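The following note is offered to a colleague who is meeting this structure for the first time. Please read the numbered points with the sequence and the model at hand.

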Amino acid sequence: MTLPGAVITGWGTALPDTVVTNAQLEARLDTTDEWIVSRSGIRERHVGGTVSTLAIDAGRRALERAGLAPEQVDLLVLATCTPDLAVPATSAAVHFALGLSGGAFDVNAACAGFVYALVAAHGAVSCGAAQRVLVIGADCVSLLTDPDDRATAVLFADGAGAVVLEPSDDDGLLAVDFGVDGSAHDLLTCAHGGYMEMEGKEVFRRAVRTTVDSASRALQRANLTPDDIALFVPHQANLRIIEAVASRLGVPMQRVAVVVDRTGNTSSASVPLALADASDAGRLRPGDHVLMSGFGAGMTWASTVVRWNVDTAGSALASSPGTRGEKR
Ligand code: ACO
């Protein structure tokens with residue numbers, strides 16, 4: 001028996017309307033635009049909304065792009081580490097609001113969550129459990145960030161990105177590598193009712209090393225070299241991490257997707273936001289190989305190599321009307 005493969009047929013994004021610039025942070029924190037840009041590459045970020053409102057907007061856009069009616073989708077996999085509620089899973093509310101069929105579940109693998117969710121979705125299609133899957137990465141990390149802590153408040157933000165997976169004889173997911181080093185779980189934590197705490201320097205070091213290793217393993221499993229990659233989509237935490245990883249992998253920055261300057265670190269949303277931005281900018285052609293890598297709290301990592309299947313054209317990252325956060 002040949003297992004069915006799956007390809008990405010649609011994508012969509014949602015960002016809250018409220019933009020917080022470095023100048024605004026400079027006005028209320030002991031920080032400077034120069035420090036934020038030189039240490040992280042971030043110039044502005046979007047804050048507001050909830051995971052479900054952002055996920056619904058991004059998911060609806062992905063369905064439109066794929067040309068699917070909601071009831072044709074029979075599984076939702078929502079990657080988030082900032083769910084609206086502890087119980088139930090946020091995917092239940094998103095599934096209902098979008099009018100999807102079949103099942104839904106959340107995945108929490110922090111900033112590696114979207115790639116984990118994509119792999120789970122592909123597995124569901126391959127084993128026949130689902131036909132069409134909506135995969136969303138959505139996080140409101142600003143809700144878990146102490147607005148008075150300059151070490152984290154300048155980095156984290158909110159957003160959502162989504163893709164649709166549909167069955168295909170010509171499988172689009174060529175290779176996967178994922179893992180977790182739970183011995184380092186205390187390097188980046190948020191207690192119930194508390195705020196994000198991070199050992200930034202150590203997380204930085206691990207992010208570079210682990211992402212390079214994981215992306216290399218995924219490439220090797222796909223029988224590809226960095227030269228074969230049309231677009232590298234890394235987790236968008238810090239431009240310096242992205243540049244260090246790209247340089248060590250041997251992928252020039254012209255072939256790297258970057259949105260961190262405009263979005264900050266949106267955790268599970270960062271890879272699909274960067275992927276959608278690149279495809280909307282016409283940077284992808286059918287047959288292109290796309291390498292995606294996430295790294296985050298846990299410490300988790302996940303990389304995948306995907307063969308792009310769609311002709312792309314259109315506009316840049318969409319802001320999401322009606323997702324403005326009132327209390328920030
Ligand atoms: N403005 C000005 N100064 C600051 C700020 C700020 N916003 N934040 C920290 N500083 C100060 C520090 O207090 C420190 O001062 P000191 O030398 O007097 O003690 C100095 O700047 C240097 O701080 P470092 O933390 O050493 O700065 P670094 O160059 O390491 O950059 C950063 C910090 C941006 C956090 C970086 O370490 C980083 O990006 N780490 C990785 C983050 C990441 O990848 N996360 C991924 C996972 S996210 C997830 O899973 C949800």
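How many bridges join strand 12 to strand 13, and do these strands run parallel or antiparallel? The points below begin with that pair; please bear in mind throughout that the model is predicted.

1. The strand pair. Strand 12 covers residues 289-296 and strand 13 covers residues 300-307. The two run antiparallel and are joined by 8 bridges. One residue pair may serve as a landmark: M292 has T304, in strand 13, as its bridge partner.

2. The sheet around the pair. Strands 12 and 13 belong to an open sheet of 4 strands, whose order is 8-13-12-11 and whose pairing is mixed. Strand 8 (173-180) and strand 11 (229-234) form the edges, each pairing on one side only. From one strand to the next, the twist averages 10 degrees.

3. Helices on the sheet. Helix 7, residues 200-221, packs on this sheet and touches strand 8, strand 11, strand 12 and strand 13. The direction of helix 7 makes about 145 degrees with that of strand 12. Helix 10, residues 270-280, also packs on the sheet, where it touches strand 11 and strand 12. For helix 10, the angle of about 145 degrees is taken with the direction of strand 11.

4. The length of helix 5. Helix 5 consists of 14 residues, 113-126. At 1.5 Å a residue these should span 20 Å, and the end C-alpha atoms are 20 Å apart, so the expected span and the model agree.

5. The surroundings of helix 5. Because 12 of its 14 residues are buried, helix 5 is largely enclosed by the rest of the structure. Among the buried residues are F114, Y116, L118, H122 and V125; G113 and S126 are also buried. Just after helix 5, G128 takes a positive phi of about 85 degrees.

6. Cysteines. A disulfide is a covalent bond between the sulfur atoms of two cysteines. The structure holds 0 disulfides. For C81, the nearest cysteine sulfur is that of C111, 6.2 Å away, whereas a disulfide requires two cysteine sulfur atoms within 2.5 Å. C81 is partly exposed, with a relative accessible area of 22%. C190 is likewise in no disulfide, and the nearest cysteine sulfur to it, that of C81, is 8.8 Å away. With a relative accessible area of 30%, C190 is partly exposed.

Definitions and conventions: Residues numbered from 1 in each chain as written. Predicted model: local features only at pLDDT ≥ 70, side-chain atom pairs only at ≥ 80, totals over all residues. Heavy atoms only, no water. Buried < 20%, exposed > 50% of the residue type's maximum accessible area, 1.4 Å probe, protein only. Expected span 1.5 Å × (residues − 1). Pairing = 2+ DSSP bridges. Axes fitted to C-alpha atoms, helices over the stretch in contact; angles between N-to-C directions. Contact = heavy atoms within 4.5 Å.
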